[in-house]
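Biologist: I would like to learn how to read this model feature by feature. Please give the general idea each time, and then the case at hand.

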Amino acid sequence: KMDIFVLRCFFLLVLHTSAYPAAAGRGRKNVLFIMADDLRTSLGCYGDPVAKSPNIDQLASRGQVFLNAFAQQAVCGPSRVSMLTSRRPDTTRLYDFNSYWRVHSGNYTTLPQYFKSQGYLTMSVGKVFHPGIASNNTDDYPYSWSIPAYHPPSFTYEKKKMCKGKDGKLHVNLLCAVNVSEQPGGTLPDLESTEEAVRLLKSRVNDDDPFFLAVGFHKPHIPFRIPQEYLTLYPLDQMTLAPDPDVPERLPTVAYNPWTDIRKREDVQKLNISFPYGSIPKDFQLRIRQHYYAAVSYMDAQVGRLLSALEELGLADNTMVVFTSDHGWSLGEHGEWAKYSNFDVATRVPLIFSVPGGNEAGTSTFPFIDVLRESVRVVELVDVFPTVSYLAGLEVPVQCPDISFQVSGYEPPVYNSDLPDLKDIKIMGYSLRTWDYRYTLWLGFNPKTFQVNVSDVHAGELYMSADDPGQDKNIFSNSDYSEIMRKTASLPQVSWVL
């Protein structure tokens, strides 16, 4: 039998820790569900020495931190639908941004929809579902939400010329630290989302009905249009480059994404970087990393405002807080500057649960504690739905399936495009992530029938965690590891997903 870490069910993993004794049977809890956009594990509570994220770290100090949580796909729309329906992309059949799963594949119940059916007032602020066709241009309202979803009005300026360059003119840049007072309305999207979320929390103070409030922040997603003062937290002379800036040895061509979305930005265009493997000048790499971390701290401040509001409004003692991201983002590792890959930096995400209860009378709900209760178990975002349901005091809607190789450690497809279109996807990359290694096969895919041909292997990757934690040396063709490949080749000849 293959020596592999297999998951039972995510909620069982939580319950088998000592973090939440007697989680069930305490009545139904409110839920504050917070999602960041393109946030990798660049947080203090995940051991990042550079990140300044005191508010998320505070949340982590009072909750359960999962150190090895993985998204199902490193693309916004598919990842969010997968997590919120608790179904994998090969089931939702959403691999791009151009279809609505209820029509395209099945009328699946979502996490907020289930809470709504149980008497919760469900509310959405910011980017929770991916807006547009992927959520029926309504953020799945009225199925998932009790009231129409809120989107910050200032987001309409996100892709316009809002970034002041050295020439004094406005540009569509990647690096876009701004004076907020000079922005339209004197605000930014995540500031508006925080204000709206706090307003909704205030409206629930004197209401006995439980609520499910999902707040989706846009940062640290590009462009890095953030308040300029956050750059001061990360002096440029103290920033460092990625430890592994080169494309991995023997990386298949299909596995590399040339970060075309980054190249379209005016400040990056001026660099005249050769396509597809040309590298960004080191001084600009440092500035990208500086701006990403500054965007993380900016987003962290908004999380802090939400947590403080919970405390001040007297809601913290009965509100479960969940914090996560849709996927990660590469900051120069493997020569990449984007999501859209199957490497850990793109698929690994922060995942934190803080469930009320157990505080001594008179103590604060969110004091800073330096010691984390953390879990190194490998878990997946597809299991968030049943976990949140159980910990809120609801019955889990569907029994988790028996675990087999078909569903273990899977982070699906990637393509050489920042805006994938289903009809163009002819190869899928499927990864198996275990304690010991990450194993990826690039398989033939039929976008019309959604069928994967496991005998049509275009390329493969194998990275051993102990010897190569950065996943920089592809040893797929190394005969020393032929036994691993022999065992994985014996998996059932069907798609690795359900």
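Modeller: Let us begin with burial: a residue is buried under 20% relative accessible area, exposed over 50%, and partly exposed in between (1.4 Å probe, protein chains only). Cys45, with a relative accessible area of 6%, is therefore buried, and Cys76 is buried as well, at 2%. The model is predicted, so local features need pLDDT of at least 70 and side-chain atom pairs count only at pLDDT 80 or more, whereas totals for chains, interfaces and linings use all residues. Residues are numbered from 1 along each chain as its sequence is written, and side-chain values use heavy atoms, with hydrogens and water left out.

Biologist: What percentage of the residues of the protein count as buried, and how many helices and strands does the protein have?

Modeller: Of its 498 residues, 60% count as buried. There are 13 helices and 16 strands; these are DSSP runs numbered from the N terminus, with H or I over at least four residues for a helix and E over at least two for a strand. Contacts mean heavy atoms within 4.5 Å. Among contacts between residues at least 6 apart in sequence, 75% join residues at least 24 apart.

Biologist: How many disulfides does the structure hold?

Modeller: A disulfide is a pair of cysteine sulfur atoms within 2.5 Å, and the structure holds one. Cys163 and Cys176 form it, with their sulfur atoms 2.1 Å apart. This pair links distant parts of the chain, 13 residues apart: Cys163 belongs to strand 4 (residues 163-164) and Cys176 to strand 6 (residues 175-178). The torsion about their S-S bond is about -100 degrees, so the disulfide is left-handed. Both Cys163 and Cys176 are buried.

Biologist: Which residues have the most contacts inside the largest nonpolar core?

Modeller: A nonpolar core is a set of buried Ala, Val, Leu, Ile, Met, Phe, Trp, Tyr and Cys residues joined through side-chain atoms within 4.5 Å. The largest has 79 residues, and those with the most contacts inside it are Leu174, Leu213, Phe224, Ile288, Phe323 and Ile352. Helix 10 (residues 282-312) gives the most to this core, with 15 residues. A second, separate core of 37 residues includes Phe33, Trp101, Ala134 and Phe353. Leaving aside neighbours within four places in sequence, Leu213 is in contact with residues including Val31, Phe33, Met123 and Leu200.

Biologist: Which residues of helix 12 are buried?

Modeller: They are Val384, Phe385, Pro386, Thr387, Val388, Ser389 and Leu391. Seven of the eight residues of helix 12 (residues 384-391) are thus buried, so the helix is largely enclosed by the rest of the structure. Just after helix 12, Gly393 takes a positive phi of about 95 degrees.

Biologist: How should I read unusual backbone values?

Modeller: Most residues other than glycine have a negative phi, and most peptide bonds are trans. Here Ser86 has a positive phi near 60 degrees, and His334 also has a positive phi near 60 degrees. Ser86 lies in the loop between helix 3 (76-85) and helix 4 (89-92), where it is partly exposed at 26% relative accessible area. His334, in the loop between strand 9 (319-325) and helix 11 (344-347), counts as buried at 2% relative accessibility.

Biologist: Which residues do cis peptide bonds join?

Modeller: One cis bond joins Lys219 and Pro220, with omega about 15 degrees; Pro220 is in the loop between strand 7 (211-216) and strand 8 (224-227). Another joins Phe275 and Pro276, with omega about 0 degrees; Pro276 is in the loop between helix 9 (266-269) and helix 10.

Biologist: Where does Pro112 lie, and which residues does it touch?

Modeller: Pro112 is in helix 6 (residues 111-117) and counts as buried at 0% relative accessibility. Not counting residues up to four places away in sequence, Pro112 touches Leu84, Thr122, Phe129, Ser144, Trp145 and Phe212.

Biologist: Is Ser42 buried or exposed?

Modeller: Ser42 is buried, with a relative accessible area of 1%. It lies in the loop between strand 1 (30-36) and helix 2 (54-61). Beyond four places away in sequence, Ser42 touches Asp48, Ala51, Tyr292, Tyr293 and Val296.
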